[in-house]
Amino acid sequence: MESLYELKKRDGKDRVVLAIESSCDETSVAIVKNGREQLSCATATQTDIHALYGGVVPEIASRAHTEAICGLTEKALSDSSLTMDDIDAIGVTNTPGLIGALLTGVCFAKGLAYATKKPLIAIDHIKGHTAANYLCFPELEPPFTALVVSGGHTSLFAVESYTEYRVIGSTRDDAAGEVFDKVARVLGLPYPGGAAMDRLASEGDKNALKLTVSHVEGSKYDFSFSGLKTAVINKVHQMEQKGEELDHKTKCDIAASMTNALIKTVITRLEAYFEECPEIKGRPIVLAGGVAANSHLRKALKETTEKYGAVLYQPPLSLCGDNAAMIAAQGFYEPILDEKKALTLNAYATARINPLKKA
Ligand code: KG4
Ligand code: ZN
């Protein structure tokens with residue numbers, strides 16, 4: 001089936017998507033016009049609940065989504081002064097993420113589409129993160145290179161068109177956000193610790209800890225972060241065993257050293273891609289995902305892209321974390337599901353952008 005983007009290109013009429021996002025611990029409903037103009041975005045975060053357990057508890061996440069989703073849909077409609085009659089299609093994240101959490105959004109979206117006789121669109125969360133950039137950079141269009149860095153994913157993609165993504169490199173183990181969150185936890189910071197780690201790193205010495213930048217056997221572009229995570233956690237445990245105090249300065253030094261090693265891992269892959277793949281020449285670099293909010297990563301990427309003469313797009317902090325506006329933006333470009341596919345739409349926990357289809 002065609003996308004709303006293709007339909008608009010044919011008849012020039014505006015198209016409005018209402019989208020649902022529930023892949024992890026944010027429930028969000030947003031309304032976006034023509035994939036570019038955010039009309040509303042109502043989001044409920046569950047971080048306070050999960051902070052009690054030091055991480056996301058999947059079943060609690062699903063229950064909290066179920067409680068929040070109807071109210072947020074009403075809020076997204078009233079904030080935009082629209083009714084369901086003004087909506088052209090309903091979009092929903094159906095992969096990747098926590099399966100129970102995804103299913104609450106998918107079932108709600110299917111029910112809403114069925115009851116209102118609106119078409120349904122299935123959206124990949126990772127492509128959604130990238131599409132956050134369409135909401136603030138009207139001139140941005142594929143092809144470009146996307147670096148998606150989040151709590152669950154870290155990948156470098158060649159984005160050939162709005163819907164075709166080719167994996168250049170991806171993490172073999174932990175995602176970058178997971179390293180921030182786990183190290184934050186051993187430093188006694190509340191979940192999710194990414195933003196607090198960012199602040200501590202600004203005050204610390206990035207050379208205080210000797211940490212190595214990982215190398216992945218057989219791939220220049222894949223990432224590995226579990227060694228870095230384990231090295232830092234072991235260091236903290238050793239200090240505790242020796243009775244050494246984890247004072248503010250030490251925490252800042254640990255955060256700065258870890259952040260520096262993680263960023264170097266990302267930058268070396270991007271530099272290798274710049275050096276070795278002519279396809280990247282002239283293409284913009286697009287940053288996306290929750291970890292895209294990291295001030296040190298943003299600065300390092302700016303320096304690297306300037307060095308190679310590439311244009312860099314970085315979304316505002318408000319669009320880095322999970323939200324449904326980015327899902328609605330991507331939904332504009334994705335094919336509308338036919339009736340049978342809409343009725344049988346399922347959710348998938350693991351990423352479906354095939355990591356084996358390498359450059
Ligand atoms: O994209 P996201 O909201 O969820 C996933 O799709 O995974 O990313 C959440 C991740 C968390 O790990 C959080 O700690 C991290 O993004 N994060 C940061 C910062 N702000 C959020 N990591 C580093 N520095 C930040 N400023
Ligand atoms: Zn996300």
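# A tour from helix 7 outward

Select helix 7 first: Ala 196, Met 197, Asp 198, Leu 200 and Ala 201 are its buried residues. The model is predicted. Now show what covers those residues; the cover includes helix 6, helix 9 and helix 10 (295–307).

**Helix 7 against helix 9**

Add residues 248–276, which form helix 9. Helix 7 itself runs over residues 194–203. The two axes lie 7 Å apart, at an angle of about 105°. An angle from 65 to 115 degrees counts as roughly perpendicular, so helix 7 is roughly perpendicular to helix 9.

Turn on side chains at the contact. On the helix 7 side, pick Met 197, Leu 200, Ala 201 and Glu 203. Facing them in helix 9 are His 248, Lys 251, Cys 252, Ala 255, Ala 256, Met 258 and Thr 259. Colour by class and this contact shows 7 nonpolar, 2 polar and 2 charged residues. Met 197, Leu 200 and Ala 201 are also on the buried list of helix 7.

**Back to Pro 192**

Step back to the loop between helix 6 and helix 7, where Pro 192 is found. Check the peptide bond from Tyr 191 to Pro 192: it is cis, with omega near -15°.

**Helix 6 beside helix 8**

Select residues 176–186 for helix 6 and 226–241 for helix 8. Their axes come within 10 Å and cross at roughly 5°. Angles under 35 degrees count as roughly parallel, so helix 6 is roughly parallel to helix 8.

Helix 6 contributes Glu 178, Val 179, Lys 182, Val 183 and Val 186 to the contact. Helix 8 answers with Leu 228, Lys 229, Val 232, Ile 233, Val 236, His 237 and Glu 240. The tally by class is 7 nonpolar, 1 polar and 4 charged residues.

**Ser 224**

Next, centre on Ser 224, in the loop between helix 7 and helix 8. Its relative accessible area is 17%, so Ser 224 is buried. Leave out residues up to four places away in sequence, and Ser 224 touches Thr 171, Asp 173, Ser 214, Val 216, Thr 265 and Arg 269. Draw a C-alpha distance to Ser 214: 6.2 Å in space, 10 residues in sequence.

**Tyr 53**

Jump to the loop between helix 2 (47–51) and helix 3 (58–79) and select Tyr 53. Neighbours within four places aside, Tyr 53 contacts Ile 60 and Arg 185. Pro 190 is 137 residues away in sequence, yet its C-alpha is 9.7 Å from that of Tyr 53.

**Backbone stops**

Ser 81 sits in the loop between helix 3 and strand 4. Ser 81 is not a glycine, but its phi is positive, about 55°. Ser 81 is exposed, at 65% relative accessible area.

Move on to Pro 96, in the loop between strand 4 (89–95) and helix 4 (99–116). The bond from Thr 95 to Pro 96 is cis, and omega is near -25°.

Then take Lys 117, between helix 4 and strand 5 (120–124). Phi is positive here too, near 55°. Lys 117 counts as exposed, with 75% relative accessibility.

**Zoom out**

Show the whole chain: 12 helices and 10 strands. The radius of gyration is 21 Å, close to the 21 Å that the globule rule gives for 359 residues, so the chain is as compact as a globular protein of that length. The C-alpha trace spans about 65 × 50 × 30 Å along its principal axes. Of the 359 residues, 55% are buried. Finish with the surface: about 15700 Å² is exposed, 53% of it from carbon and sulfur atoms.

Methods: Residues are numbered from 1 along each chain as its sequence is written. Chains are lettered from A and ligands numbered from 1 in the order in which they are written. This is a predicted model: local features need pLDDT of at least 70, side-chain atom pairs count only at pLDDT 80 or more; totals for chains, interfaces and linings use all residues. Side-chain values use heavy atoms; hydrogens and water are left out. Axes are lines fitted to C-alpha atoms, for helices over the stretch in contact, and angles run from 0 to 180 degrees between N-to-C directions. Helices (H or I, at least four residues) and strands (E, at least two) are DSSP runs, numbered from the N terminus. Angles under 35 degrees count as roughly parallel, over 145 as roughly antiparallel, 65 to 115 as roughly perpendicular and the rest as oblique. Contact means heavy atoms within 4.5 Å. Ala, Val, Leu, Ile, Met, Phe, Trp, Tyr, Cys and Pro count as nonpolar, Asp, Glu, Lys and Arg as charged, and the others, Gly among them, as polar. The radius of gyration is taken over C-alpha atoms; the globule rule is 2.2 Å times the number of residues to the power 0.38. Buried means under 20% relative accessible area, exposed over 50%, partly exposed in between (1.4 Å probe, protein chains only). Accessible areas come from the Shrake-Rupley method with a 1.4 Å probe; for residues, only the protein chains shown count as cover.
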